[in-house]
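Ready for a few warm-up exercises? Have a look at the sequence and the 3D view, try each task yourself, and then read the solution under it.

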Amino acid sequence: MLWARVARRPGARGPAGERRARVARALHRSVGNAGICPPSEVPSPHMHGFDIASVGTLLLGAILVSAGYTFMLAVASAGRPQLARSVRWATLATLGLVTTAVFVLAYAFQAHEFGIRYVARYSDRSMSPLYLWTALWGGQDGSLLWWTFLSSVYIGAFTLWIGDRYRRLQPVMFATLMSVLAFFVILQLYAANPFATSFGGAPADGEGLNPLLQNYWMAIHPPALYMGLTGWAVPFAFVVAALWTGELDEAWIHGVRRWVLVAWAFLALGNMLGMFWSYEELGWGGYWAWDPVENASFLPWLSATAYIHSVMIQERRGSLKVWNVFLLTLTFILTIFGTFLTRSGLIASVHSFARSDIGIYFGFYLIGLCIFVFSLIGYRLPDLRNGARIGWVEWIAGAAIGIIAAIVLVLAEVAVSWWARLAIIPVGLVFVALLKAIEVLRLDVLRLAPQVSGRQQRSLESIVSREFAFLLNNWILLGMAVFVLVATTFPLLSEALRGETVTVGPDYYNKWMVPFGLILLLLTGVGPLIAWRKATGKNLLNAFAFPIAFGAVMFCLHLFGGEAAGYPPLVPPDEIYETWVGVALGKVYSVTPLFSTTLCAFVFATVVQEFARGVLVRMRTKKENPIVALVELVLRARRRYGGYIVHVGIVLMFWGFTGAAYDRDAESSLRPGQSLTVGDFEFRYDRVRMEADSNKRAVYTDVTILRDGQELGVVHPAKFIYRSHPEMPTTEVAIQTSLLRDLYVIMSAVEANTQRGTFRVIERPMVLWIWLGGAFLLLGVFIAGLPKLSEVLASAEAPRPRRAIAAAGLTALLLLSLALAGLVLVVPRASAQTDSSSTLHAGTVVIEDEEERRLFSRLLCECGDCQRLPLHTCGCGWADSMRAELRGRLARGEEINEIVAGYRERFGASSIAIPSDEGLDRALWAVPVAAFVLAAFGLVVRARRVAKLGEADTDAAAQTAEDQVDDAAIDQQLEDELRRFEGD
């Protein structure tokens, strides 16, 4: 500190001042040479005149206090409308504190405040400002603060939007939102404080962000995904408020619709960006690895998609109230459950955080949340079911669930006593009994009569109707969710039941989800073609004729011409089990390309037909030209035709997924000037070169792509070695993209002396269509969510004082954010690095034949240092030696099953990528299949029973309509339907 006092001493002018300055500089150099940084370079949480760590922690405490105050104020505002404005202002104040806390942490990163443990762990001085910003959510502590901030963005938008709408629901909605916000703040204060300081003092430099996260995708993928996950708090608040107040008519359904669409769109965008990140950055050539973190974001998307379809039945028919409440609640619970899985560290994942005590908080919160919500639903069941009581159907369903679970335990030979196996039978009955007890308490003890609200509930009139098609859609989506949920949590169940950890690899999901995906694609096309209430024979013929014919043409083209075009209709079966189940799955997989292309054509034709019919009706009745008719058609029925555009996006994505069946790849070790051939393409290795910046060294290889001797371009696969993590070199893939295929080049290693490089090249057809499909999907959601003109005019005519107050609050928040952002930008910072990308340590592996690929894909690397990739992709030395050993066993004539069994016995069950089809492992597919089939049986039986109630009254009218229907009548029906949708 001596040089600092000398330099600051008064009278530092003249010769004496210059001498003191020279002494200070000499002391500075001597201390610096001794390895000690001067105070201007040693980060400290006390820099800039205030203690950033203390300020940040104080802000977290203030947020908790403010959220608690707002919660109590919201509770007190029930029945006191004069307090509603105070609740909204208190909410905005809470959100202002959250925003301030985020910018304080961002300031700490930009100022290199390494005294804060989180800053020191996830940044260093060489990182660019962009990566210092993205480091906010690079670790667990900061990501929780970022989660809180994005939740506050939704809550702030909701606060400014709601105004005086839904006055009876507002107190419960704001209380619910504040409780969710308070939970995440409690996590940060007591389990994962991003402002906590290091015990050993501030280091001179930080550890640096993981190289895997130092790429531009880190700046866009996690925020988009978090926006999709946090957005479900607002729909959940609507559900809780409707249940608590008994306002169960369609009003809350209409209010929550756009919030659902926004959250669903961000969730879809987050998953799409995750696929793109995986494809470009993880270096294995795929776009979805079924990692537990990926599954955690996929599960709520499935349940939310089911809700978006089923809620239309409630809007048109007044039915499925219980089901829609359950789906919205389930979606929010799944977002919390997925966060619990990934942040507790219970399940191994490339993306998950280390095991910590934070999982305890999530566990108790989930338990409390489920008890509260399902008790509330149980209390409102008489209202939701128009006074109907729990009957024999519910009791049978509860008993069936328990019996099936017990049978699975017996067949799987789980090592528990018979009493333990039998004890699981009453589980479903106990849940039904609890609901019955709540029902009796309310109706018989408290004598509170059911409150029937909303339109009259209309029963299902026919299983040949759009309502039933949407129910089937829900069935397949929830079936997929059950499959993914069971497979994701199966390692935990296996460890709990038999003390053995297993691994469920991507091949399991890819094989089992193919049939589900094809059924879902079929229903995507069938649903819009079937009429509401009850379809007649002639209606069905007119609706299905063109799509079926178009699909049949595609079927014939692919069947007879696919081989010549390089896309054979059948591919070799890939069996993941050596049992009849594996054989059946292999056969389904072999015909997948043919049926996928056929169904894509069928669904696309349904969308084209719907647009064409609407345009023709407008051209005939409104005398409009085709372009004007198309625009007006979409604007008048935005929700309907926006949904059709989403279906186009789904078709394009399935088309791209189908291309994975035709992947071709090759691996080789090359010297400069040598080539590698894949299909019709030649890849010539030209040279190696090196570049460096302040953060990393890069080894680039130039590879020229040729076809028939003609040069198509040059790509540059590389290796990056980061200064902060030299032990974690990253593989940078190079991709040449076109509409028909992607050429994917990976450089695994380059020898320094000989410049020999090891390369893997993959030809992946039609990948670009996946990203185009995602763009169409988001476009459709945007169109479906556009507000109608009457809403825009109503908001423009709102009272000026209310608009002025809202504008003032929004302006204040905006100015605060800009001021804090400016404060961050003026902080001195290190030189920027160039944008980079990074990957996992997937290497180049030479596979000699299909038998080797089949074996190596089932076995995981057990060296203990890498990411436990399958042996057919892992490039570490241990994997190389193990492959050589296994090749010798194959050469001696050993069967694949025998080798896999020996590998499992040697390294444990977790070393096998797919659990075997025996014992408890069989439950991995048997449980979801049993649930799927049971649900299908129950759905059909229930639908037929309900449909019979309406058939007697509608058969005669339907027959008359069928006899008289013609093209003019169809056009008039379409025009009437468009008129009903106008302004949606």
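### Exercise 1: a nonpolar patch

Ile-186, Tyr-190, Ile-360, Tyr-361, Phe-364, Ile-367 and Ile-371 make up a nonpolar patch on the surface, and together they have about 760 Å² of accessible area. Keep in mind that this is a predicted model.

**Task.** Find which elements give two or more residues to the nonpolar patch, and which gives the most.

**Solution.**
- Step 1: Look for the elements that supply two or more residues, and you get helix H8 (170-190) and helix H14 (358-384).
- Step 2: Pick the top contributor: H14 gives the most, with 5 residues.
- Step 3: Check one patch member, Ile-367, and you'll see that Ile-367 lies in helix H14.

### Exercise 2: two helices

**Task.** Work out how helix H13 (residues 321-344) and H14 run relative to each other, starting from their axes.

**Solution.**
- Step 1: Take the axes of H13 and H14, which come within 10 Å and cross at roughly 175°.
- Step 2: Compare that with the cut-off: angles over 145 degrees count as roughly antiparallel.
- Step 3: So H13 and H14 are roughly antiparallel to each other.
- Step 4: Sort the contact of H13 with H14 by class, and you find 19 nonpolar, 5 polar and 2 charged residues.

### Exercise 3: a sheet and its hairpin

**Task.** Give the strand order of the open sheet of 4 strands, name its edge strands, and then follow the link from S8 to S9.

**Solution.**
- Step 1: Read off the order, S1-S10-S9-S8, with antiparallel pairing.
- Step 2: Find the edges: strand S1 (664-670) and strand S8 (734-737) each pair on one side only.
- Step 3: Note the twist, which averages 15° from one strand to the next.
- Step 4: Go from S8 to strand S9 (residues 741-750): the two run antiparallel and are joined by 4 bridges.
- Step 5: Trace the chain between them, where a hairpin joins S8 to S9 through 3 residues.
- Step 6: Match up facing residues: Ile-735 stands opposite Tyr-744 in S9, and Thr-737 stands opposite Asp-742 in S9.

### Exercise 4: a salt bridge

**Task.** Explain why the pair of Glu-247 and Arg-168 ties together parts that are apart in sequence.

**Solution.**
- Step 1: Start with the total, since the structure holds 34 salt bridges.
- Step 2: Zoom in on one of them, where the side chains of Glu-247 and Arg-168 meet at 2.3 Å, N to O.
- Step 3: Place both residues: Glu-247 lies in the loop between helix H10 (233-245) and helix H11 (251-281), and Arg-168 in the loop between helix H7 (140-162) and H8, so the pair links parts that are 79 residues apart in sequence.

Note on methods
Residues are numbered from 1 along each chain as its sequence is written. This is a predicted model: local features need pLDDT of at least 70, side-chain atom pairs count only at pLDDT 80 or more; totals for chains, interfaces and linings use all residues. Side-chain values use heavy atoms; hydrogens and water are left out. Patches are made of residues with over 30% relative accessible area and no salt bridge: like charges are joined within 9 Å, nonpolar side chains (Val, Leu, Ile, Met, Phe, Trp, Tyr) within 5 Å. Accessible areas come from the Shrake-Rupley method with a 1.4 Å probe; for residues, only the protein chains shown count as cover. A salt bridge is a side-chain nitrogen of Lys or Arg within 4 Å of a carboxyl oxygen of Asp or Glu. Axes are lines fitted to C-alpha atoms, for helices over the stretch in contact, and angles run from 0 to 180 degrees between N-to-C directions. Angles under 35 degrees count as roughly parallel, over 145 as roughly antiparallel, 65 to 115 as roughly perpendicular and the rest as oblique. Ala, Val, Leu, Ile, Met, Phe, Trp, Tyr, Cys and Pro count as nonpolar, Asp, Glu, Lys and Arg as charged, and the others, Gly among them, as polar. Two strands pair if DSSP finds at least two bridges between them.
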